[in-house]
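Me: I should like to learn how the features of a structural model are read, one at a time. Could we proceed by question and reply?

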Amino acid sequence: MFHTRYTLRGVSYLLHRMGFSPQIPAHRAVERDEAAIATWRREAWPAGKR
């Protein structure tokens, strides 16, 4: 709308000044399946990068 561009760092500064913070989970989900994640990273992730 105003044709203004910001770098990622600039956006970070602006959001921080407005009171926003990065949302980081306090702990991992109990249902987390490490084997399924490893399989996905090995098989599906490279296919999606292409």
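Me: Is arginine 32 buried, partly exposed or exposed, and at what relative accessibility?

Reply: Please keep in mind that this is a predicted model. A residue is called buried under 20% relative accessible area and exposed over 50%, with partly exposed in between. Arginine 32 has a relative accessibility of 37%, so it counts as partly exposed.

Me: With which residue do the side chains of arginine 32 meet in a salt bridge?

Reply: Side chains of opposite charge can pair when their charged atoms come close. Here the partner of arginine 32 is glutamate 34, with 2.6 Å from N to O. Glutamate 34 is itself partly exposed, because its relative accessibility is 45%.

Me: How many salt bridges does the structure hold, and which residues are linked in a network?

Reply: There are two salt bridges in the structure. Besides the bridge between arginine 32 and glutamate 34, arginine 28 forms one with glutamate 34, where the closest N and O atoms are 3.6 Å apart. The cut-off for such a contact is 4 Å. Arg28, Arg32 and Glu34 are thereby linked in a network of salt bridges. Arginine 28 has a relative accessible area of 58% and is therefore exposed.

Me: How far apart are the mean positions of the positive and negative charges of the protein?

Reply: For the 9 positive and 4 negative charges of the protein, the mean positions lie 18 Å apart.

Me: How many aromatic pairs does the structure hold, and how are the planes of the rings set?

Reply: The structure holds one aromatic pair. It joins tryptophan 40 and tryptophan 45, whose ring centres are 5.3 Å apart and whose planes stand at 85°, so the pair is edge-to-face. For ring planes, the reasoning rests on a cut-off of over 60 degrees for edge-to-face. Tryptophan 40 counts as partly exposed because its relative accessibility is 45%, and tryptophan 45 counts as partly exposed at 43%.

Me: What secondary structure does the protein have, and why is the protein described as more spread out than a compact globule?

Reply: The secondary structure comes to two helices and zero strands. The radius of gyration is 18 Å, well over the 10 Å that the globule rule gives for 50 residues, so the protein is more spread out than a compact globule. Along the principal axes, the C-alpha atoms fill a box of roughly 45 × 30 × 15 Å.

Me: What share of the residues is buried, and how much area does the protein expose?

Reply: Of the 50 residues in the protein, 2% are buried. The protein exposes about 5500 Å², of which carbon and sulfur atoms supply 60%.

Technical notes
Residues are numbered from 1 along each chain as its sequence is written. This is a predicted model: local features need pLDDT of at least 70, side-chain atom pairs count only at pLDDT 80 or more; totals for chains, interfaces and linings use all residues. Side-chain values use heavy atoms; hydrogens and water are left out. Rings of Phe, Tyr and Trp (its six-membered ring) pair if their centres lie within 6.5 Å; planes under 30 degrees apart count as stacked, over 60 as edge-to-face and the rest as tilted. Buried means under 20% relative accessible area, exposed over 50%, partly exposed in between (1.4 Å probe, protein chains only). Helices (H or I, at least four residues) and strands (E, at least two) are DSSP runs, numbered from the N terminus. The radius of gyration is taken over C-alpha atoms; the globule rule is 2.2 Å times the number of residues to the power 0.38. Accessible areas come from the Shrake-Rupley method with a 1.4 Å probe; for residues, only the protein chains shown count as cover. Lys and Arg count as positive and Asp and Glu as negative; His and the chain ends are not counted. The place of a charge is taken as NZ of Lys, CZ of Arg, CG of Asp or CD of Glu.
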